[in-house]
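Okay, thanks everyone for squeezing in. I'll put the model up and then walk through what caught my eye.

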Amino acid sequence: MTRSERMKPIQDIAESRELDAARRLREAQRIYAKQQEYLEALRHYRKTYAEETNQPDTNVMDARKLRNYRAFLSHLNDSILRQEAAVDSARSRCDQVRQGWVAEHQRHRALDKVVDRLRDQERAAANRKEQRESDECALRLLSRPQPRS
C-alpha cells in the first residue's frame, strides 16, 4: 500500500469534519438571519404603532389610554432591546462557527496538498523505475552478441 493510499482515511476524516463544520455554519447563518428578521419585524411594528396613534383623529387620548400606550411602547422597546441582544449573540455564534469552518477547511486543503505531493512523488518514482527497467532491457539487448549473417 502506498503512502498516499494510507493517507486516504485521514483525508476522508478531514473532509467529513469540514462538511460537518459547513453544516453547522449554514445552521448558524440561518438562525442569525431569523433573529435579524424578527428584530426588523419588531422595529416595523413599533414604527407602525407609533404612526397610527399619532393620526389626527386619535390625538385626543384620555389618561388611561395614554398610560397604556406608553406602557405598551415601553414593553415593545424592551422587546427590541432583548432582540438586539439575541441578534448580537447569533452574530457572535455565527462568527465563531465560521472560524471553526475555516480551520477545518484549511486542514482539509493541507491534507489534500500532502496527498497530491505524495502521489506526484510516487508517480515520479514509478516513472524512474520504468525508465530504469527500460534502459536495462535496452542495455541487455545491445550487450547480447549479434548474430552474423
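**Rings, helices and a core**

Let me start with one side chain: Tyr45 is partly exposed, at 42% relative accessible area. Keep in mind, by the way, that this is a predicted model.

So what does Tyr45 pair with? Its partner is Tyr49, and the two rings are stacked, at 6.3 Å centre to centre with 25° between the planes. Why are they about one helical turn apart? Because they sit four residues apart in helix H1, which covers residues 3-53.

Tyr49 has another partner too. It forms a stacked pair with Tyr69, this time at 5.5 Å centre to centre, again with 25° between the planes. That pair is the one I like, since it links distant parts of the chain: Tyr49 belongs to H1, Tyr69 belongs to helix H2, residues 63-143, and the two positions lie 20 residues apart in numbering. Is Tyr69 buried or exposed? Buried, because its relative accessibility is 12% and the cut-off is under 20%.

If you search the whole structure, you get four aromatic pairs. Through ring pairs, Tyr45, Tyr49, Tyr69 and Phe72 join up into a cluster.

Okay, on to the helices themselves. In general, you describe two packed helices by the angle between their axes and the distance between the axes. Here the axes of H1 and H2 come within 7 Å, and they cross at roughly 160°. Angles over 145 degrees count as roughly antiparallel, so that is what we call H1 and H2. And the handedness, for anyone about to ask: the H1 and H2 crossing is left-handed.

What is the contact made of, by class? Between H1 and H2 there are 29 nonpolar residues, 13 polar ones and 15 charged ones.

Now the core. The largest nonpolar core has nine residues: Tyr32, Leu39, Leu42, Tyr69, Leu73, Leu76, Ile80, Val87 and Ala90. You'll recognise Tyr69 from the ring cluster; here that residue turns up in the core as well. Which elements give two or more residues to this core? H1 and H2. H2 supplies the largest share, with six residues.

Let me pick out one core member, Val87, which is found in H2. Val87 counts as buried because its relative accessibility is 4%, under the 20% cut-off. How far is its C-alpha from that of Gln35? The answer is 5.5 Å, although Val87 and Gln35 are 52 residues apart along the chain.

Compare that with Cys94, also placed in H2. Cys94 is buried, with a relative accessible area of 3%. Go 40 residues along the chain, though, to Ser134, and the C-alpha atoms are separated by 59 Å.

Last residue, over in H1: Ala14. At 8% relative accessibility, Ala14 counts as buried. From C-alpha to C-alpha, Ala14 and Thr2 are 19 Å apart in space, with their positions twelve residues apart in sequence numbering.

So, to pull it together: H1 and H2 run roughly antiparallel, a stacked Tyr49 and Tyr69 pair links them, and both helices contribute to the largest nonpolar core. That's my tour, happy to take questions.

Definitions and conventions:
Residues numbered from 1 in each chain as written. Predicted model: local features only at pLDDT ≥ 70, side-chain atom pairs only at ≥ 80, totals over all residues. Heavy atoms only, no water. Phe/Tyr/Trp six-rings, centres within 6.5 Å; stacked < 30°, edge-to-face > 60°. Buried < 20%, exposed > 50% of the residue type's maximum accessible area, 1.4 Å probe, protein only. Axes fitted to C-alpha atoms, helices over the stretch in contact; angles between N-to-C directions. Parallel < 35°, antiparallel > 145°, perpendicular 65-115°, else oblique. Left-handed = near helix turned anticlockwise from the far one by under 90°. Nonpolar A, V, L, I, M, F, W, Y, C, P; charged D, E, K, R; others polar. Core = buried A, V, L, I, M, F, W, Y, C linked by side-chain atoms within 4.5 Å.
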